[in-house]
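Here are a few exercises to work through with the model open in your viewer. Try each one yourself, then check the steps.

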Amino acid sequence: MAHAGVLVFSVAGLMAMALPRMVGTESRPLLDAPRASPTGMEPRAVALGDVDADGHLDVVTANHAAGTVSVLRSRGDGTFASSVEQPTGARPTAVAMADLDGDGHLDVITSHFAGTVSVLRGRGDGTFGSRTEHPVGAEPTSVDVGDFDGDGRLDVVTSNERDDSVSVLLNRGSGKFAPRQAVPTGTNPFAVTVGDVNHDGKADLITANFVDTVSVLLGNGDGTFRPRADFATGNAPYSVVVVDVDGDGKQDLVTANFRGRSVSVLHGDGTGAFPSRADFPVRGGPYLVAPGDFNGDGTLDLVTANYAEDTVSLLPGQGHGAFGRDTLLPTGSGPAAVAVGRIDGDLKPDVVTANARGNDVSVLRAAASADVGVTLTAVPRRGVSAPRIDYTLTVTQHGPDPLARAVITVALPPGLLATTQDCHVAAGALQCEVGPLAVGDTARLRFSAPLPRSSLGLSYRITATRTLSVPADLQSANDVASQDYVSLGGVAATW
């Protein structure tokens, strides 16, 4: 039972009072404008890896017209030293990096239209030895690596667009490979990727077939594979990735559908089958697709390289394997491939495209962002002549980047005033500014709201809302805090 002259404060608030609508976050790109770095002629593929063991991701492109790879060594700040060219076989179509010989250094693997792969053994300093050539199927357009026979050595696989197969090269050590094994796929396999889609600990193969399917070849663990199972996609898939997009612990497939101008998400059931599919539009003809959490919300987003439109499309993840409308961002001319990685060391994924017409790569660094958390606490102060509520507004910067400035607007109910030395009072509201704040830092601002005599029996709500942050705050869940209270009293004239 409340006594006369006592202010009863309710943290949960009055159930009949609806919370105000959250203020939307700033509309801004998640990636900064592209920065170009020259490569050899007609780069059609790109891979990321630390080729010089300095802790920074470097860039390697396969240059189709030049018959080379370009090695761009990272400076660690999102920029690169001038590219160094290394010869490969004629007309390279794809590139991958892996330590094939077990010496702790990344090697480079390229596939070529003439039906070969080149292996360039890394020295660990950003340079490579002379290449070795290994025959595969007809017109290989993609290359990947995985341990297919369980011997601890990484093997090589290509997708061969002309003869509807993949070629499996089992690694025998010291840079030597067993003769290729041909495994049938669907028609025109433009891409191959490696993953364990049935969770048996054995590497499986998945191809994106230009005739609107993916082929799934489950691995036996001894270098052989079961007969393929095909699953429908959107029109003309150029690439495929294996990733758990819906968070259920089972691997899904995502394809970039060039003619369909879409991505397809094929939901896996954990056995190697993909019984359901959803398509999401892309405003461009996507060649390649890659996943990454670009807004830091814990949900995977997708980025596609749109060759004809000179753009990438960024599709925000909405959870449960769904994606929202894409945002178009410019690149160099003719982005034929895309890769995602932490180029500048700030713990956020960046995007790199290989631009076939522009003879360069574009680096789109993750834009700086903040996550400003707002909380509001209150303490009632009794008083015969001037009862009041003392408020503490707490602002915490959760990162991932330092906060330069934030403004918190505190809305006061009609008839209620406030006093403060920490904020600016104007037009029934407080404007409270904080910053700069390092990641993890907290600022506290205080104000008081005296209760007028006429408040007896009335309820009040005070709401604090982040209305500005520099850099932008992309997370809205913790931007608003409210406190409700009711002023109760008896017949005694205590107000």
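## Aromatic pairs first

Phe 210 and Tyr 238 are both buried (under 20% relative accessible area, where over 50% is exposed and anything in between is partly exposed, using a 1.4 Å probe and protein chains only). Before going on, note that this is a predicted model, where local features need pLDDT of at least 70, side-chain atom pairs count only at pLDDT 80 or more, and totals for chains, interfaces and linings use all residues. Residues are numbered from 1 along each chain as its sequence is written, and side-chain values use heavy atoms, with hydrogens and water left out.

**Exercise 1.** Classify the ring pair of Phe 210 and Tyr 238, and say which parts of the chain the pair ties together.

*Solution.*
- Step 1: recall the rule: rings of Phe, Tyr and Trp (its six-membered ring) pair if their centres lie within 6.5 Å, and planes under 30 degrees apart are stacked, over 60 edge-to-face, the rest tilted.
- Step 2: the centres of Phe 210 and Tyr 238 are 5.4 Å apart and the planes sit at 80°, so this pair is edge-to-face.
- Step 3: Phe 210 is in the loop between strand 18 and strand 19, while Tyr 238 belongs to strand 21 (residues 237–243), so the pair ties together parts 28 residues apart in sequence. Strands here are DSSP runs (E, at least two residues), numbered from the N terminus.

**Exercise 2.** Which cluster do ring pairs build around Phe 210, and which charge lies over the face of Tyr 307?

*Solution.*
- Step 1: the structure holds eleven aromatic pairs. One of them is Phe 190 with Phe 210, with centres 5.0 Å apart and planes at 50°, so it's tilted.
- Step 2: ring pairs join Phe 190, Phe 210, Tyr 238, Phe 258, Tyr 287 and Tyr 307 into a cluster.
- Step 3: Arg 357 lies over the face of Tyr 307, 4.8 Å from the ring centre. The rule asks for NZ of Lys or CZ of Arg within 6 Å of the ring centre and within 35 degrees of the ring normal.

## Charges

**Exercise 3.** Where do Asp 52 and Arg 73 sit, and how far apart in sequence are they?

*Solution.*
- Step 1: a salt bridge needs a side-chain nitrogen of Lys or Arg within 4 Å of a carboxyl oxygen of Asp or Glu. By this rule there are 18 salt bridges.
- Step 2: Asp 52 and Arg 73 form one at 2.9 Å, N to O.
- Step 3: Asp 52 is in the loop between strand 3 (43–49) and strand 4 (58–63), and Arg 73 in the loop between strand 5 (68–72) and strand 6 (84–87), 21 residues apart.
- Step 4: at 11% relative accessibility Asp 52 counts as buried, whereas Arg 73, at 36%, counts as partly exposed.

**Exercise 4.** What does the side chain of Asp 107 reach?

*Solution.*
- Step 1: Asp 107 lies in strand 8 (residues 107–112).
- Step 2: Asp 107 is buried yet has no salt bridge; Arg 121, the nearest side chain of opposite charge, is 5.4 Å away.
- Step 3: instead, look at the backbone nitrogen of Leu 100, which the Asp 107 side chain reaches at 2.8 Å.

## Backbone

**Exercise 5.** Which peptide bonds into Pro 400 and Pro 471 would you list as cis or trans?

*Solution.*
- Step 1: Gly 399 to Pro 400 is cis, with omega near 10°.
- Step 2: Val 470 and Pro 471 are also joined by a cis peptide bond, with omega about 0°.

Terms used:
Helix = DSSP H or I, 4+ residues; strand = E, 2+ residues; numbered from the N terminus. Lys, Arg positive; Asp, Glu negative; His and termini not counted. Polar contact = N/O pair within 3.5 Å; in protein donor to acceptor, adjacent residues only side chain to side chain.
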